[in-house]
Amino acid sequence: MTNTDSDNSREWAAQAYALLKKQQEEQKQELQKKEEQKQELQKKEEQKQELQKKEEQKQELQKKEEQKQVLTDSANKEKIAVPPEIIAEPELGELDDNFTWSAMVLAAQGKKINQISIDEIDWLTKLRRGLEETRKGFVTELLDKLGDDPLTPESLDDLETLLIRADVGIDSTDKVISSLRTKLNEEVVGGEAGIKFLKKELKLIIDKPIKNSGTDLLVPKKGKLNVWLLVGVNGVGKTTTLGKLAYLSSRSNYKTLIAAADTFRAAAVEQLQVWGERSNVDVISNQSKNADPAAVVFDAINSAKKRNVDLLLVDTAGRLQTKNNLMDELSKIKKIIDKKVPDAIVESLLVLDASQGQNGLKQAKSFAKSANLSGAIITKLDGTSRGGVSLAVSEEVNLPIRFIGAGEGIKDLRPFNSYEFVEAMLADK
(Lines give C-alpha, C1' and ligand atoms only; values in the text may rest on other atoms or scores of the structure.)
Protein backbone atom coordinates (compact mmCIF):
# COMPACT_ATOMS: atom_id res chain seq x y z
CA MET A 1 0.00 0.00 0.00
CA THR A 2 1.44 3.37 -1.04
CA ASN A 3 1.52 6.40 1.24
CA THR A 4 -1.24 8.01 -0.83
CA ASP A 5 -3.43 4.89 -0.46
CA SER A 6 -2.73 4.84 3.26
CA ASP A 7 -3.65 8.52 3.66
CA ASN A 8 -6.89 8.01 1.71
CA SER A 9 -7.75 4.94 3.80
CA ARG A 10 -7.14 6.83 7.04
CA GLU A 11 -9.36 9.69 5.86
CA TRP A 12 -12.05 7.12 4.97
CA ALA A 13 -11.69 5.56 8.44
CA ALA A 14 -12.03 8.98 10.09
CA GLN A 15 -15.24 9.66 8.15
CA ALA A 16 -16.60 6.24 9.11
CA TYR A 17 -15.73 6.89 12.75
CA ALA A 18 -17.54 10.25 12.73
CA LEU A 19 -20.66 8.61 11.29
CA LEU A 20 -20.64 5.82 13.87
CA LYS A 21 -20.04 8.37 16.63
CA LYS A 22 -23.09 10.32 15.49
CA GLN A 23 -25.22 7.17 15.32
CA GLN A 24 -24.12 6.15 18.81
CA GLU A 25 -24.98 9.59 20.22
CA GLU A 26 -28.42 9.43 18.61
CA GLN A 27 -28.97 5.98 20.12
CA LYS A 28 -27.92 7.26 23.55
CA GLN A 29 -30.29 10.23 23.26
CA GLU A 30 -33.12 7.90 22.26
CA LEU A 31 -32.37 5.61 25.22
CA GLN A 32 -32.20 8.61 27.55
CA LYS A 33 -35.56 9.84 26.26
CA LYS A 34 -37.10 6.41 26.85
CA GLU A 35 -35.59 6.31 30.34
CA GLU A 36 -37.06 9.71 31.17
CA GLN A 37 -40.46 8.58 29.93
CA LYS A 38 -40.14 5.43 32.01
CA GLN A 39 -39.26 7.45 35.12
CA GLU A 40 -42.21 9.78 34.50
CA LEU A 41 -44.61 6.83 34.23
CA GLN A 42 -43.07 5.31 37.34
CA LYS A 43 -43.54 8.58 39.22
CA LYS A 44 -47.21 8.74 38.21
CA GLU A 45 -47.65 5.13 39.22
CA GLU A 46 -46.12 5.85 42.62
CA GLN A 47 -48.45 8.81 43.11
CA LYS A 48 -51.40 6.66 42.14
CA GLN A 49 -50.35 3.97 44.60
CA GLU A 50 -49.94 6.57 47.34
CA LEU A 51 -53.51 7.85 46.80
CA GLN A 52 -54.78 4.29 46.74
CA LYS A 53 -52.98 3.56 49.99
CA LYS A 54 -54.58 6.54 51.71
CA GLU A 55 -57.98 5.42 50.50
CA GLU A 56 -57.41 1.96 51.83
CA GLN A 57 -56.54 3.34 55.26
CA LYS A 58 -60.12 4.63 55.53
CA GLN A 59 -61.55 1.15 55.10
CA GLU A 60 -62.35 -1.33 57.84
CA LEU A 61 -59.44 -3.04 59.64
CA GLN A 62 -60.18 -6.46 58.21
CA LYS A 63 -60.36 -5.25 54.62
CA LYS A 64 -57.14 -3.30 55.11
CA GLU A 65 -55.34 -6.43 56.32
CA GLU A 66 -56.65 -8.43 53.37
CA GLN A 67 -55.49 -5.76 50.92
CA LYS A 68 -52.08 -5.72 52.58
CA GLN A 69 -51.76 -9.46 52.04
CA VAL A 70 -52.68 -9.11 48.37
CA LEU A 71 -50.05 -6.43 47.87
CA THR A 72 -47.45 -8.58 49.64
CA ASP A 73 -48.21 -11.57 47.37
CA SER A 74 -47.98 -9.34 44.30
CA ALA A 75 -44.63 -7.94 45.41
CA ASN A 76 -43.25 -11.43 45.98
CA LYS A 77 -44.29 -12.48 42.46
CA GLU A 78 -42.44 -9.51 41.02
CA LYS A 79 -39.30 -10.47 42.91
CA ILE A 80 -39.46 -14.05 41.62
CA ALA A 81 -39.51 -13.01 37.96
CA VAL A 82 -35.95 -13.05 36.62
CA PRO A 83 -35.37 -11.05 33.45
CA PRO A 84 -33.30 -12.71 30.71
CA GLU A 85 -29.62 -11.82 30.59
CA ILE A 86 -28.91 -8.79 28.44
CA ILE A 87 -25.84 -9.17 26.24
CA ALA A 88 -24.04 -5.83 26.25
CA GLU A 89 -23.55 -4.25 22.86
CA PRO A 90 -20.02 -3.00 22.04
CA GLU A 91 -19.27 0.70 22.53
CA LEU A 92 -17.40 2.87 20.08
CA GLY A 93 -13.90 3.49 21.40
CA GLU A 94 -11.31 6.03 20.32
CA LEU A 95 -10.31 6.83 16.76
CA ASP A 96 -7.10 4.90 17.25
CA ASP A 97 -4.90 2.57 15.20
CA ASN A 98 -7.23 -0.41 15.88
CA PHE A 99 -10.28 1.42 14.54
CA THR A 100 -8.39 2.72 11.51
CA TRP A 101 -7.01 -0.72 10.67
CA SER A 102 -10.43 -2.38 11.12
CA ALA A 103 -12.12 0.24 8.93
CA MET A 104 -9.45 -0.19 6.23
CA VAL A 105 -10.01 -3.98 6.23
CA LEU A 106 -13.76 -3.48 5.80
CA ALA A 107 -13.21 -0.88 3.07
CA ALA A 108 -10.91 -3.25 1.19
CA GLN A 109 -13.75 -5.78 1.11
CA GLY A 110 -16.10 -3.28 -0.54
CA LYS A 111 -17.92 -1.88 2.50
CA LYS A 112 -19.33 1.62 2.20
CA ILE A 113 -18.97 4.15 5.02
CA ASN A 114 -22.64 3.88 5.94
CA GLN A 115 -22.56 0.06 5.90
CA ILE A 116 -20.04 -0.66 8.65
CA SER A 117 -21.11 -1.27 12.23
CA ILE A 118 -19.56 -0.94 15.67
CA ASP A 119 -20.02 -4.72 16.02
CA GLU A 120 -17.79 -5.37 12.98
CA ILE A 121 -15.16 -2.92 14.20
CA ASP A 122 -15.23 -4.54 17.65
CA TRP A 123 -14.72 -8.04 16.22
CA LEU A 124 -11.83 -7.06 13.93
CA THR A 125 -10.16 -5.25 16.81
CA LYS A 126 -10.44 -8.41 18.94
CA LEU A 127 -9.08 -10.54 16.09
CA ARG A 128 -6.11 -8.23 15.62
CA ARG A 129 -5.38 -8.21 19.34
CA GLY A 130 -5.92 -11.96 19.53
CA LEU A 131 -3.26 -12.60 16.90
CA GLU A 132 -0.83 -10.17 18.52
CA GLU A 133 1.35 -12.91 20.01
CA THR A 134 1.56 -14.68 16.63
CA ARG A 135 2.41 -11.35 15.03
CA LYS A 136 5.10 -10.54 17.60
CA GLY A 137 6.86 -13.84 17.05
CA PHE A 138 6.53 -13.70 13.30
CA VAL A 139 5.72 -10.41 11.58
CA THR A 140 7.75 -8.01 13.71
CA GLU A 141 10.92 -10.06 13.30
CA LEU A 142 10.13 -10.60 9.62
CA LEU A 143 9.80 -6.86 8.96
CA ASP A 144 13.01 -6.19 10.85
CA LYS A 145 14.83 -8.66 8.62
CA LEU A 146 13.26 -7.54 5.33
CA GLY A 147 13.18 -3.81 5.87
CA ASP A 148 12.76 -1.91 2.61
CA ASP A 149 15.48 -3.85 0.81
CA PRO A 150 14.74 -6.31 -2.00
CA LEU A 151 14.24 -9.96 -1.04
CA THR A 152 17.28 -12.22 -1.17
CA PRO A 153 17.72 -15.99 -0.91
CA GLU A 154 19.01 -15.37 2.64
CA SER A 155 15.87 -13.43 3.64
CA LEU A 156 13.74 -16.28 2.32
CA ASP A 157 15.64 -18.67 4.58
CA ASP A 158 14.81 -16.39 7.51
CA LEU A 159 11.17 -16.26 6.45
CA GLU A 160 11.07 -20.06 6.26
CA THR A 161 12.30 -20.31 9.85
CA LEU A 162 9.74 -17.76 11.06
CA LEU A 163 6.83 -19.49 9.32
CA ILE A 164 7.70 -22.84 10.88
CA ARG A 165 8.10 -21.19 14.29
CA ALA A 166 4.56 -19.74 13.94
CA ASP A 167 3.25 -23.32 13.43
CA VAL A 168 2.26 -22.65 9.84
CA GLY A 169 3.41 -26.21 9.09
CA ILE A 170 6.07 -27.77 6.88
CA ASP A 171 3.86 -28.23 3.79
CA SER A 172 2.43 -24.71 3.93
CA THR A 173 5.86 -23.21 4.50
CA ASP A 174 7.37 -25.12 1.58
CA LYS A 175 4.56 -23.96 -0.68
CA VAL A 176 4.98 -20.29 0.26
CA ILE A 177 8.77 -20.31 0.05
CA SER A 178 8.71 -22.15 -3.28
CA SER A 179 6.34 -19.54 -4.75
CA LEU A 180 8.51 -16.70 -3.44
CA ARG A 181 11.69 -18.26 -4.86
CA THR A 182 10.02 -18.58 -8.28
CA LYS A 183 8.93 -14.95 -8.18
CA LEU A 184 12.41 -13.88 -7.03
CA ASN A 185 13.97 -15.66 -10.00
CA GLU A 186 11.71 -13.70 -12.33
CA GLU A 187 12.02 -10.19 -10.89
CA VAL A 188 13.40 -8.02 -8.13
CA VAL A 189 10.99 -8.07 -5.19
CA GLY A 190 11.08 -5.27 -2.63
CA GLY A 191 10.16 -5.71 1.03
CA GLU A 192 6.67 -4.22 0.67
CA ALA A 193 5.94 -6.19 -2.50
CA GLY A 194 7.20 -9.32 -0.74
CA ILE A 195 4.73 -8.84 2.13
CA LYS A 196 1.89 -8.28 -0.34
CA PHE A 197 2.83 -11.47 -2.22
CA LEU A 198 3.10 -13.35 1.10
CA LYS A 199 -0.43 -12.29 2.08
CA LYS A 200 -1.72 -13.51 -1.26
CA GLU A 201 -0.03 -16.91 -0.92
CA LEU A 202 -1.23 -17.43 2.66
CA LYS A 203 -4.79 -16.58 1.65
CA LEU A 204 -4.64 -19.02 -1.28
CA ILE A 205 -3.63 -21.81 1.11
CA ILE A 206 -6.52 -21.11 3.50
CA ASP A 207 -9.09 -20.59 0.73
CA LYS A 208 -8.33 -23.79 -1.20
CA PRO A 209 -10.23 -26.30 1.01
CA ILE A 210 -13.06 -23.79 1.47
CA LYS A 211 -13.50 -23.46 -2.29
CA ASN A 212 -13.14 -27.24 -2.75
CA SER A 213 -16.02 -27.76 -0.32
CA GLY A 214 -18.34 -25.75 -2.56
CA THR A 215 -19.51 -23.68 0.43
CA ASP A 216 -17.85 -20.35 1.08
CA LEU A 217 -19.83 -19.57 4.24
CA LEU A 218 -21.31 -22.33 6.41
CA VAL A 219 -24.88 -21.43 7.38
CA PRO A 220 -27.93 -23.63 8.06
CA LYS A 221 -30.02 -24.36 4.96
CA LYS A 222 -33.64 -23.30 5.33
CA GLY A 223 -36.36 -25.91 4.78
CA LYS A 224 -34.30 -28.83 6.11
CA LEU A 225 -32.93 -29.93 9.46
CA ASN A 226 -29.24 -29.08 9.77
CA VAL A 227 -27.30 -31.15 12.29
CA TRP A 228 -23.86 -29.91 13.32
CA LEU A 229 -21.79 -32.36 15.37
CA LEU A 230 -18.99 -30.76 17.37
CA VAL A 231 -16.12 -33.17 17.97
CA GLY A 232 -12.68 -32.84 19.54
CA VAL A 233 -10.59 -33.80 22.55
CA ASN A 234 -11.34 -32.54 26.04
CA GLY A 235 -10.06 -29.09 26.91
CA VAL A 236 -10.23 -27.43 23.49
CA GLY A 237 -13.33 -25.40 24.36
CA LYS A 238 -15.84 -27.61 22.54
CA THR A 239 -18.84 -27.07 24.84
CA THR A 240 -18.15 -23.35 25.14
CA THR A 241 -17.83 -23.07 21.36
CA LEU A 242 -21.18 -24.82 20.90
CA GLY A 243 -22.78 -22.31 23.28
CA LYS A 244 -21.38 -19.41 21.26
CA LEU A 245 -22.57 -21.03 18.02
CA ALA A 246 -26.05 -21.32 19.52
CA TYR A 247 -26.02 -17.60 20.30
CA LEU A 248 -24.75 -16.72 16.81
CA SER A 249 -27.38 -18.94 15.16
CA SER A 250 -30.25 -17.67 17.31
CA ARG A 251 -29.21 -14.07 16.77
CA SER A 252 -29.21 -14.75 13.01
CA ASN A 253 -32.88 -15.81 13.27
CA TYR A 254 -32.39 -19.56 12.86
CA LYS A 255 -34.54 -21.80 15.05
CA THR A 256 -31.89 -23.56 17.10
CA LEU A 257 -31.78 -26.51 19.51
CA ILE A 258 -28.94 -28.03 21.54
CA ALA A 259 -28.39 -31.74 22.22
CA ALA A 260 -26.22 -32.37 25.28
CA ALA A 261 -24.75 -35.67 24.08
CA ASP A 262 -21.51 -35.37 26.07
CA THR A 263 -22.83 -37.54 28.89
CA PHE A 264 -19.41 -38.74 30.06
CA ARG A 265 -17.91 -35.46 31.28
CA ALA A 266 -19.05 -34.21 34.65
CA ALA A 267 -20.96 -30.90 34.52
CA ALA A 268 -21.01 -30.83 30.69
CA VAL A 269 -24.83 -30.83 30.64
CA GLU A 270 -25.05 -28.11 33.31
CA GLN A 271 -22.52 -26.01 31.41
CA LEU A 272 -24.55 -26.28 28.20
CA GLN A 273 -27.77 -25.37 30.03
CA VAL A 274 -26.14 -22.13 31.18
CA TRP A 275 -25.11 -21.34 27.61
CA GLY A 276 -28.61 -22.26 26.42
CA GLU A 277 -30.19 -19.80 28.84
CA ARG A 278 -27.82 -17.04 27.75
CA SER A 279 -28.57 -17.75 24.08
CA ASN A 280 -32.32 -18.31 24.62
CA VAL A 281 -31.91 -21.79 23.08
CA ASP A 282 -33.45 -24.94 24.60
CA VAL A 283 -31.22 -27.87 25.60
CA ILE A 284 -32.29 -31.52 25.24
CA SER A 285 -30.48 -33.64 27.82
CA ASN A 286 -30.65 -36.71 30.05
CA GLN A 287 -29.59 -36.05 33.63
CA SER A 288 -29.15 -39.72 34.56
CA LYS A 289 -25.61 -40.96 35.14
CA ASN A 290 -23.86 -42.44 32.06
CA ALA A 291 -26.86 -41.77 29.83
CA ASP A 292 -26.65 -43.06 26.27
CA PRO A 293 -25.47 -40.18 23.98
CA ALA A 294 -27.24 -41.70 20.98
CA ALA A 295 -30.50 -41.74 22.96
CA VAL A 296 -30.10 -38.04 23.74
CA VAL A 297 -29.63 -37.32 20.03
CA PHE A 298 -32.69 -39.49 19.26
CA ASP A 299 -34.82 -37.36 21.62
CA ALA A 300 -33.31 -34.13 20.29
CA ILE A 301 -34.16 -35.06 16.69
CA ASN A 302 -37.76 -35.82 17.64
CA SER A 303 -38.02 -32.47 19.38
CA ALA A 304 -36.34 -30.66 16.48
CA LYS A 305 -38.83 -32.14 13.99
CA LYS A 306 -41.82 -31.15 16.12
CA ARG A 307 -40.55 -27.58 16.48
CA ASN A 308 -39.44 -27.16 12.85
CA VAL A 309 -35.91 -26.39 14.02
CA ASP A 310 -33.37 -25.14 11.47
CA LEU A 311 -30.20 -26.11 13.35
CA LEU A 312 -29.54 -28.88 15.87
CA LEU A 313 -26.16 -28.46 17.58
CA VAL A 314 -24.81 -31.69 19.11
CA ASP A 315 -22.16 -31.64 21.82
CA THR A 316 -20.28 -34.97 21.68
CA ALA A 317 -17.94 -36.52 24.23
CA GLY A 318 -14.36 -35.30 24.19
CA ARG A 319 -12.57 -38.17 22.60
CA LEU A 320 -8.92 -39.01 22.22
CA GLN A 321 -8.01 -40.51 18.88
CA THR A 322 -6.91 -43.76 20.57
CA LYS A 323 -10.23 -44.37 22.35
CA ASN A 324 -12.06 -46.58 19.88
CA ASN A 325 -15.18 -46.87 22.05
CA LEU A 326 -15.71 -43.13 21.85
CA MET A 327 -15.24 -43.16 18.08
CA ASP A 328 -17.82 -45.98 17.97
CA GLU A 329 -20.17 -43.74 19.96
CA LEU A 330 -19.86 -41.06 17.31
CA SER A 331 -20.68 -43.67 14.68
CA LYS A 332 -23.84 -44.65 16.61
CA ILE A 333 -24.94 -41.01 16.72
CA LYS A 334 -24.51 -40.69 12.96
CA LYS A 335 -26.56 -43.86 12.37
CA ILE A 336 -29.39 -42.43 14.48
CA ILE A 337 -29.33 -39.24 12.39
CA ASP A 338 -29.30 -41.18 9.10
CA LYS A 339 -32.24 -43.31 10.23
CA LYS A 340 -34.40 -40.57 11.77
CA VAL A 341 -33.70 -37.76 9.30
CA PRO A 342 -32.05 -39.20 6.18
CA ASP A 343 -32.42 -35.89 4.33
CA ALA A 344 -30.76 -33.85 7.09
CA ILE A 345 -27.68 -31.80 6.25
CA VAL A 346 -24.95 -33.07 8.58
CA GLU A 347 -21.70 -31.27 9.36
CA SER A 348 -18.94 -32.72 11.55
CA LEU A 349 -16.90 -29.82 12.87
CA LEU A 350 -13.61 -30.39 14.67
CA VAL A 351 -12.88 -27.91 17.45
CA LEU A 352 -9.16 -27.16 17.76
CA ASP A 353 -7.30 -25.12 20.36
CA ALA A 354 -4.89 -22.83 18.47
CA SER A 355 -2.52 -22.70 21.45
CA GLN A 356 -1.80 -26.43 21.02
CA GLY A 357 0.01 -25.77 17.73
CA GLN A 358 1.37 -28.91 16.11
CA ASN A 359 -0.43 -31.13 18.62
CA GLY A 360 -3.67 -29.66 17.32
CA LEU A 361 -2.56 -30.45 13.79
CA LYS A 362 -1.98 -34.09 14.80
CA GLN A 363 -5.50 -34.20 16.26
CA ALA A 364 -6.91 -32.86 12.99
CA LYS A 365 -5.10 -35.52 10.97
CA SER A 366 -6.32 -38.35 13.22
CA PHE A 367 -9.92 -37.17 13.34
CA ALA A 368 -9.99 -36.59 9.59
CA LYS A 369 -9.27 -40.30 9.08
CA SER A 370 -11.99 -41.62 11.39
CA ALA A 371 -14.65 -38.95 11.94
CA ASN A 372 -15.54 -37.87 8.37
CA LEU A 373 -14.92 -34.20 9.15
CA SER A 374 -16.39 -31.41 7.05
CA GLY A 375 -14.78 -28.42 8.73
CA ALA A 376 -12.80 -26.99 11.61
CA ILE A 377 -13.39 -24.37 14.29
CA ILE A 378 -10.22 -22.73 15.62
CA THR A 379 -10.59 -21.50 19.21
CA LYS A 380 -8.42 -19.58 21.67
CA LEU A 381 -6.60 -17.55 19.03
CA ASP A 382 -6.25 -14.76 21.58
CA GLY A 383 -3.02 -14.88 23.52
CA THR A 384 -1.21 -17.61 21.54
CA SER A 385 1.83 -17.32 19.29
CA ARG A 386 0.68 -20.36 17.28
CA GLY A 387 -2.12 -18.85 15.23
CA GLY A 388 -0.36 -20.06 12.09
CA VAL A 389 -1.64 -23.58 12.77
CA SER A 390 -4.79 -22.52 10.88
CA LEU A 391 -2.75 -22.61 7.67
CA ALA A 392 -1.36 -26.04 8.50
CA VAL A 393 -4.89 -27.40 9.04
CA SER A 394 -5.94 -26.00 5.66
CA GLU A 395 -2.93 -27.26 3.70
CA GLU A 396 -2.04 -30.55 5.38
CA VAL A 397 -5.52 -31.81 6.34
CA ASN A 398 -7.45 -30.08 3.53
CA LEU A 399 -10.00 -29.02 6.13
CA PRO A 400 -12.01 -25.81 5.58
CA ILE A 401 -11.99 -23.47 8.57
CA ARG A 402 -15.56 -22.45 9.30
CA PHE A 403 -15.42 -20.39 12.50
CA ILE A 404 -12.76 -18.81 14.70
CA GLY A 405 -12.81 -17.67 18.30
CA ALA A 406 -10.75 -14.79 19.66
CA GLY A 407 -12.06 -14.14 23.16
CA GLU A 408 -14.12 -15.59 26.00
CA GLY A 409 -17.32 -13.56 25.47
CA ILE A 410 -20.47 -15.05 23.98
CA LYS A 411 -20.03 -12.87 20.86
CA ASP A 412 -16.35 -13.73 20.35
CA LEU A 413 -16.93 -16.50 17.79
CA ARG A 414 -17.45 -15.54 14.15
CA PRO A 415 -17.59 -17.11 10.68
CA PHE A 416 -14.09 -17.43 9.27
CA ASN A 417 -12.92 -14.84 6.76
CA SER A 418 -9.50 -15.60 5.21
CA TYR A 419 -8.84 -12.01 4.14
CA GLU A 420 -9.48 -10.64 7.63
CA PHE A 421 -7.44 -13.42 9.22
CA VAL A 422 -4.34 -12.90 7.05
CA GLU A 423 -4.58 -9.11 7.39
CA ALA A 424 -4.80 -9.48 11.19
CA MET A 425 -1.85 -11.88 11.27
CA LEU A 426 0.24 -9.43 9.21
CA ALA A 427 -1.34 -6.27 10.63
CA ASP A 428 1.94 -4.43 11.15
CA LYS A 429 2.36 -4.08 7.41
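These legends go with a set of close-up views of a predicted model.

**View 1. Strand S4, boxed in on both sides.** Here we zoom in on S4, residues 311-315. Five of its five residues are buried, so the strand is largely enclosed by the rest of the structure. Side chains in a regular strand alternate between the two faces of the sheet. On one side of S4 sit Leu-311, Leu-313 and Asp-315, on the other Leu-312 and Val-314, and both faces are covered.

**View 2. S4 and its partners S1 and S2.** Strand S1 (residues 226-231) pairs with S4 in the parallel sense, over five bridges. To find your place along this pairing, look for Asn-226, which stands opposite Leu-311. Strand S2 (residues 256-260) also runs parallel to S4, and five bridges join the two. A handy marker for this pairing is Leu-257, whose bridge partner in S4 is Leu-312.

**View 3. Inside the largest nonpolar core.** This core has 103 residues, and the ones touching the most other members are Leu-312, Ile-404 and Phe-421. Helix H8 (residues 191-213) gives the core its largest share, six residues. Now pick out Ile-404: setting aside neighbours within four places in sequence, its contacts include Trp-123, Leu-127, Ile-378 and Leu-381. Also on the contact list of Ile-404 are Asp-412, Leu-413, Arg-414, Phe-416 and Phe-421.

**View 4. Two aromatic pairs.** The structure holds three aromatic pairs, and two of them are picked out here. Trp-228 and Phe-403 have ring centres 6.0 Å apart and planes at 50°, so this pair is tilted. Trp-228 belongs to strand S1 and Phe-403 to strand S7 (residues 401-405), so the pair links distant parts of the chain, 175 residues apart. Both Trp-228 and Phe-403 are buried. Phe-416 and Phe-421 make up another tilted pair, at 5.6 Å centre to centre and 55° between the planes. Phe-416 is buried, as is Phe-421.

**View 5. A buried salt bridge at S4.** Back at S4, the side chain of Asp-315 meets that of Lys-238 in a salt bridge, 3.2 Å from N to O. Lys-238 lies in helix H9 (residues 238-251), and this pair links distant parts of the chain, 77 residues apart. Lys-238 and Asp-315 are both buried.

**View 6. A salt bridge between helices H3 and H4.** The structure holds 21 salt bridges; this one joins Arg-128 and Asp-97, with the closest N and O atoms 2.9 Å apart. Arg-128 is in H4 (residues 118-130) and Asp-97 in H3 (residues 97-108), 31 residues apart. Arg-128 counts as buried because its relative accessibility is 7%, whereas Asp-97, at 43%, counts as partly exposed.

**View 7. A salt bridge within helix H8.** Asp-207 and Lys-203 meet through their side chains, 2.7 Å from N to O. They are four residues apart in H8, so about one helical turn separates them. Asp-207 has 11% relative accessibility and counts as buried, while Lys-203, at 28%, counts as partly exposed.

**View 8. A four-residue salt-bridge network.** Asp-119, Arg-251, Lys-411 and Arg-414 are linked in a network of salt bridges. You have already met Arg-414 in View 3, among the contacts of Ile-404.

Note on methods: Residues are numbered from 1 along each chain as its sequence is written. This is a predicted model: local features need pLDDT of at least 70, side-chain atom pairs count only at pLDDT 80 or more; totals for chains, interfaces and linings use all residues. Side-chain values use heavy atoms; hydrogens and water are left out. Buried means under 20% relative accessible area, exposed over 50%, partly exposed in between (1.4 Å probe, protein chains only). Two strands pair if DSSP finds at least two bridges between them. A nonpolar core is a set of buried Ala, Val, Leu, Ile, Met, Phe, Trp, Tyr and Cys residues joined through side-chain atoms within 4.5 Å. Contact means heavy atoms within 4.5 Å. Rings of Phe, Tyr and Trp (its six-membered ring) pair if their centres lie within 6.5 Å; planes under 30 degrees apart count as stacked, over 60 as edge-to-face and the rest as tilted.
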